Every structure is written in structure tokens, then in C-alpha cells.
Amino acid sequence: YPTSLISAYRDTANQAGFMPVALEIESQAIARSVVPASKEGEAVLVVDIGLTRTSFLFAKNGYTQLTSTIPIGGRTMHESIMKALNVPEEKAEQLKKEQGLSRAADARPVRDALLPLIDSVQNEIQRRMEFWQEKMREETRAGAVPNLHHIYLCGREANLIGLPQHITSQLDVPASLANVWVNALFDRQFVPEIEFRDSLGFATSIGLALGSEES
């Protein structure tokens, strides 16, 4: 990153009365919290869906290897539903949460409004998978490249009914909502005081905390 950008973050922290110890890219923090330690040796893709953008990060051996972002997110979904069903944004968000990509008959209008956007995300995933595999082939100078084992979905806007199943069926790669606590909680019986759907928005924070422990 440019020195000017790093300096801006450092100066902001200093002015707030904090002493910066380390700076880390968001994608690395997300990978640390989302990818199970037992799966670090496998090639995986994390799709982080936020309000204004969707980010893709490929990780293997515990490190982010390729990242990219597209301007499609929850707000874009709201706008699509608003336009298709002629409803205000608050109602559009409610319908997105309650119906998503459900195949129920009464959910079809919402599904039809969302599918073009989801297909765009899916196409971007496919393109990046092909680019990543080509990049790996060039780096290893061999015909064989590691297969993508799993797609983890995180971010507050990943809570779309039917999304993991849709991506799995379209890309032929297992996809699931991420467990952002998988590397943070050693007691599997402990239940955090936060709903699972809300926890998906804290992957970065949890990953940063884990990184602080490691250092």
C-alpha cells in the first residue's frame, strides 16, 4: 500500500490517543477468523457480502493469495426489490430477509428481483476462480493446480435464504455460511450472546483479535 495511506491510518490512531502496533489488510483478518484451522492447507474462497460491496478472497495455508471487490451488496439488492415491487426501502429490506431466494410460490417476486444480482456475483466468482487457477498454474509451473475445496460466505448481507444452496448448485463447489467463531472459541458448548446471522458481520474484528493473540 502507498506510504501516504498507511500514514493516514497511523496519524488517525495517534490523534485518537492510541499507539498503532500493526496494520493488516482486511482480507487477511477475515481469512483468519473464517477458515477453520483444520482446513488451512486447502484452497478456499471467502465471499464477504456487505451493504455496498462484495469482496472475494482466495486463501491457502492460512494466507490470502488473491482479493478483489465488486460494487454489489445489500443496498443494491434493496434497490432491485424496490423497483420490481414498488415498495419503500424498509419494506424491501424486510422482504429480502424473510424471503431471499426461497422457492416458495409467494416469494417468487423477490427471488426474481434478486436473481440477476446473485447471478452477477456468481459469474464474478467463476471468473475469479478461473483467474486464480491460471495464476496458480503460472506460479507452480505445472499443469496441476489445487482444487477449490469450499466457498465460505460472510458479511451481514450473506444471510440470504437459499444463497449457499444456489451457489453450490451453480458452481459445483460446496458453499456455506461461515462460522466466524470457529477459531476463536475452544469451548464448543459455549454460545456467544449474539445471533448467528449478526455474527457474520464481525469476521474482520474477530480475525484482528486472533491476530493480536498470535503476535
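1. Elements first: helices (H or I, at least four residues) and strands (E, at least two) are DSSP runs, numbered from the N terminus. On that numbering, D172 sits in the loop between α6 and β5, the strand at 175–177. The model is predicted.

2. D172 deserves a look at its backbone. Its phi is positive, about 60 degrees, although D172 is not a glycine. Most residues other than glycine have a negative phi. D172 counts as exposed, because its relative accessibility is 71% and the cut-off for exposed is over 50%.

3. N86 also has a positive phi. The value is near 55 degrees, again in a residue other than glycine. N86 lies in the loop between α3 (74–85) and α4 (89–99). With a relative accessible area of 71%, N86 is exposed.

4. Overall fold. The protein has eight helices and five strands. Read from the N terminus, the order is α-α-β-β-β-α-α-α-β-α-β-α-α. The radius of gyration is 19 Å, close to the 17 Å that the globule rule gives for 215 residues, so the protein is as compact as a globular protein of that length. Along the principal axes, the C-alpha atoms fill a box of roughly 50 × 50 × 45 Å.

5. Packing and contacts. Of the 215 residues, 42% are buried. Take the contacts with a separation of 6 or more: 58% of them come from residues 24 or more positions apart.

6. Surface and charge. The accessible surface comes to about 12,500 Å². Carbon and sulfur atoms hold 52% of that surface. There are 21 positive and 27 negative side chains. The centres of the two sets lie 4 Å apart.

7. E157 is a charged residue to check. Is E157 buried or exposed? E157 is buried, because its relative accessible area is 12% and the cut-off is under 20%. Its place is the loop between β4 (148–154) and α6 (163–171).

8. What does the side chain of E157 join in a polar contact? The partner is the side chain of K96, at 2.3 Å. Neighbours within four places in sequence aside, E157 is in contact with I49, G50, L51, G74, M77, H78 and K96. G74 and M77 fall within the range of α3 (74–85), and K96 falls within that of α4 (89–99). A reader following E157 in the viewer can therefore start from a buried loop residue and pass to its contacts, including H78 and L51.

9. S27 belongs to helix α2, residues 26–34. S27 counts as buried, because its relative accessibility is 10%. Which residues does S27 touch, not counting those up to four places away in sequence? They are L57, T64 and T67.

10. V21 lies in the loop between α1 (3–15) and α2. V21 is exposed, because its relative accessible area is 79% and exposed means over 50%. V21 and L185 are 164 residues apart along the chain. Their C-alpha atoms are separated by 24 Å.

11. Points to carry forward. Positive phi appears at N86 and at D172. Both are exposed loop residues: N86 between α3 and α4, at 71% accessibility, and D172 between α6 and β5, at 71% as well. E157 is a buried loop residue with a polar contact to K96. S27 is buried in helix α2.

Key. Residues are numbered from 1 along each chain as its sequence is written. This is a predicted model: local features need pLDDT of at least 70, side-chain atom pairs count only at pLDDT 80 or more; totals for chains, interfaces and linings use all residues. Side-chain values use heavy atoms; hydrogens and water are left out. Buried means under 20% relative accessible area, exposed over 50%, partly exposed in between (1.4 Å probe, protein chains only). A polar contact is a pair of N or O atoms within 3.5 Å; within protein, one must be able to donate a hydrogen and the other to accept it, and residues adjacent in sequence count only if both atoms are side-chain atoms. Contact means heavy atoms within 4.5 Å. The radius of gyration is taken over C-alpha atoms; the globule rule is 2.2 Å times the number of residues to the power 0.38. Accessible areas come from the Shrake-Rupley method with a 1.4 Å probe; for residues, only the protein chains shown count as cover. Lys and Arg count as positive and Asp and Glu as negative; His and the chain ends are not counted. The place of a charge is taken as NZ of Lys, CZ of Arg, CG of Asp or CD of Glu.
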